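Let us take a walk through a protein together, one part at a time. Keep the picture in view as you read, and look up each residue when its name comes along.

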Amino acid sequence: MPEPAASPPAIEHRVPPGMEPGPVELSMVVPALNEAITAGEFVDWCREGLRRAGVSGQILIVDSSTDDTPGIALAHGAEVLRVPRRGLGRAYIDAIPFIRGQWIVMGDADLTYDFRELAPFVEKFRGGAEFVMGSRFAGCIDPGAMPPLHRYFGTPFTTWILNRIYGSRYTDIHCGMRGITRAALGKIDLRSQSWEYASEMVLKAARLGLRTAEVPVNFYRDREGRMSHHRRAGWRSPWIAGWINLKVMLVYSPDSFLLGPGSALLAIGLLLSVPLGFGPIFIGGIGLELHWMLFGVTCATLGYSCIQIGILARIMHGLRSGIARKVERWWTYNRGMILAGICLGIGLSLMGTLAVRYIREGLRLGGEVSYPAILGLLLVILGFQTFGFTLLLEMSQRMAGRRDR
């Protein structure tokens, strides 16, 4: 008889001797992995930052190290949360039940971010900000602290992409030092397990309409004897991290770049396909014939697919639900199936004229183009897409209802 599988290691929360955890204004939540070289001084920086900002605080080190990082942090006065699973995003998710502050500042325990300068974050929080982004480009970057590829290409490029998609105005979306209110962190519902948490937080803050602010931060070189995690993982690590972040931006925002272009493509496609379904059109010296109709069929098909994917994305993510709620109210199962049936019925009827002609001509077709049959083919495609979309919409609603229960 096989032995039962061992349960995964439990999360362990340790506090310094004599500390009585209670409510505080600000929690510093900082993942750490083998940072024995910097852990002690980092905690000292945090304590100094709290003193300068004039706030009560919690220093929570989320640790999965194999060295003495947790012992050093605990000795310097930090709480230590030992977690079994690694990953920056995972560390923040595991830490949520142990956060005691109404405001949270996140960062790294490697002394690359100056946690002695917490006052700008506190000032923004007191001014009503829900999400405060640090910016290395607005602050100071030590020579050699950021690889040229990151500084002059990777970070500016991905920041530009996110700003274009979401209409935001960040200058450094990958800055590891950032702040968020406890309530806003609950709204964001962080899911990413690794580096991509950074983009997920920024884009969800934009999607949810959180009150945001940006403050300059200083970014320092690695201390002597310490190697950054990217360098430890090899030369491919920055590229992999960038690819993962880009994936998150696309996965959480297909509606941003699909709904608008999709609507335009569908409109162009129908404007070309429907009139040409009755035959060629000549306007002056311009002729609209078969090739224009095929172009219209392609545009309509692609545009309709883009719209459906964009709507389903909004429903699944629940970040901007205005259009999604209207669609869910109007596009019922019965209406969707009726619309699909009408499109399929008309489409098959139009294609049937070509089938009859094919049979009458001895299973051969002459050179004359059947424009109504091509329009029928488009309607069959749109009808089947409508059928599939209706099913997916109904399934998403049932799954949402199950989660609510």
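The paragraphs below go from the sheet to two helices, then to some loops, the salt bridges and a patch on the surface.

Before we start, please keep in mind that this is a predicted model.

Begin with the strands. Strands of a sheet pair through backbone hydrogen bonds, either parallel or antiparallel. Here you can find an open sheet of eight strands, and its pairing is mixed. Going across the sheet, the order reads β1-β4-β3-β2-β5-β7-β6-β8. At the edges are β1 (12-14) and β8 (212-219), each of which pairs on one side only. If you ignore direction, neighbouring strands of this sheet are turned by 25 degrees against each other on average. For one pair to look at in detail, take strand β5 (residues 101-106) and strand β7 (residues 178-181), which run antiparallel to each other and are joined over four bridges. Within this pair, Val-105 has Gly-179 of β7 as its bridge partner.

Now turn to the helices. How far apart are the end C-alpha atoms of helix α10? Helix α10 covers residues 254-276, and at 1.5 Å a residue its 23 residues should span 33 Å. The end C-alpha atoms are 32 Å apart, so the model agrees with the expected span. Several residues of α10 are buried, including Leu-258, Leu-259, Gly-262, Leu-266, Gly-269 and Leu-272. You can do the same check on helix α13, which has 28 residues (333-360). From its first C-alpha to its last, α13 reaches 40 Å, close to the 40 Å expected. The buried residues of α13 are Gly-336, Ala-340, Cys-343, Gly-347 and Arg-357. After α13 comes Gly-362, with a positive phi near 75 degrees.

That positive phi leads us to the backbone of the loops. Most residues other than glycine have a negative phi, and most peptide bonds are trans. Asn-34 is not a glycine, and yet its phi is positive, at about 55 degrees. You will find Asn-34 in the loop between β2 (24-32) and α1 (39-53). With a relative accessibility of 23%, Asn-34 counts as partly exposed. Asp-189 is another residue other than glycine with a positive phi, near 55 degrees. Its loop runs between α6 (182-188) and α7 (197-207).

Is Ala-78 buried or exposed? Ala-78 sits in the loop between α2 (69-75) and β4 (79-82). Its relative accessibility is 0%, so Ala-78 counts as buried, the cut-off for that being under 20%. Ala-78 and Glu-117 are 39 residues apart along the chain, and their C-alpha atoms are separated by 18 Å.

Glu-117 brings us to charged side chains. Side chains of opposite charge can pair when their charged atoms come close. How many salt bridges does the structure hold? There are 13 of them. In one, the side chains of Glu-41 and Arg-223 meet, at 2.9 Å from N to O. Because Glu-41 belongs to helix α1 and Arg-223 to the loop between β8 and α8 (229-233), this pair ties together parts that are 182 residues apart in sequence. Glu-41 is partly exposed at 33% relative accessibility, and Arg-223 is partly exposed at 32%.

Glu-117 has a salt bridge with Arg-52, where the closest N and O atoms are 2.7 Å apart. Glu-117 lies in the loop between β5 and α4 (119-126) and Arg-52 in helix α1, so the bridge links parts that are 65 residues apart in sequence. Asp-189, which we met in its loop, forms a salt bridge with Arg-191, and the closest N and O atoms are 2.7 Å apart. Arg-191 counts as exposed, at 52% relative accessibility, whereas Asp-189 is partly exposed, at 35%. Salt bridges that share partners also join Glu-48, Arg-52 and Glu-117 into one network.

Our last stop is a nonpolar patch on the surface. Tyr-333, Phe-384, Phe-387, Leu-391, Leu-392 and Met-395 form this patch, and together they have about 560 Å² of accessible area. Which helix gives the most to the nonpolar patch? Helix α14 (residues 371-404) does, with five residues. Leu-391 has its place in α14, and with a relative accessible area of 31% Leu-391 is partly exposed.

Note on methods:
Residues numbered from 1 in each chain as written. Predicted model: local features only at pLDDT ≥ 70, side-chain atom pairs only at ≥ 80, totals over all residues. Heavy atoms only, no water. Patch = residues over 30% accessible without salt bridge, like charges linked within 9 Å, V, L, I, M, F, W, Y side chains within 5 Å. Areas by Shrake-Rupley, 256 points an atom, 1.4 Å probe, with all protein chains shown as cover. Salt bridge = Lys/Arg side-chain N within 4 Å of Asp/Glu carboxyl O. Helix = DSSP H or I, 4+ residues; strand = E, 2+ residues; numbered from the N terminus. Buried < 20%, exposed > 50% of the residue type's maximum accessible area, 1.4 Å probe, protein only. Expected span 1.5 Å × (residues − 1). Pairing = 2+ DSSP bridges. Axes fitted to C-alpha atoms, helices over the stretch in contact; angles between N-to-C directions.
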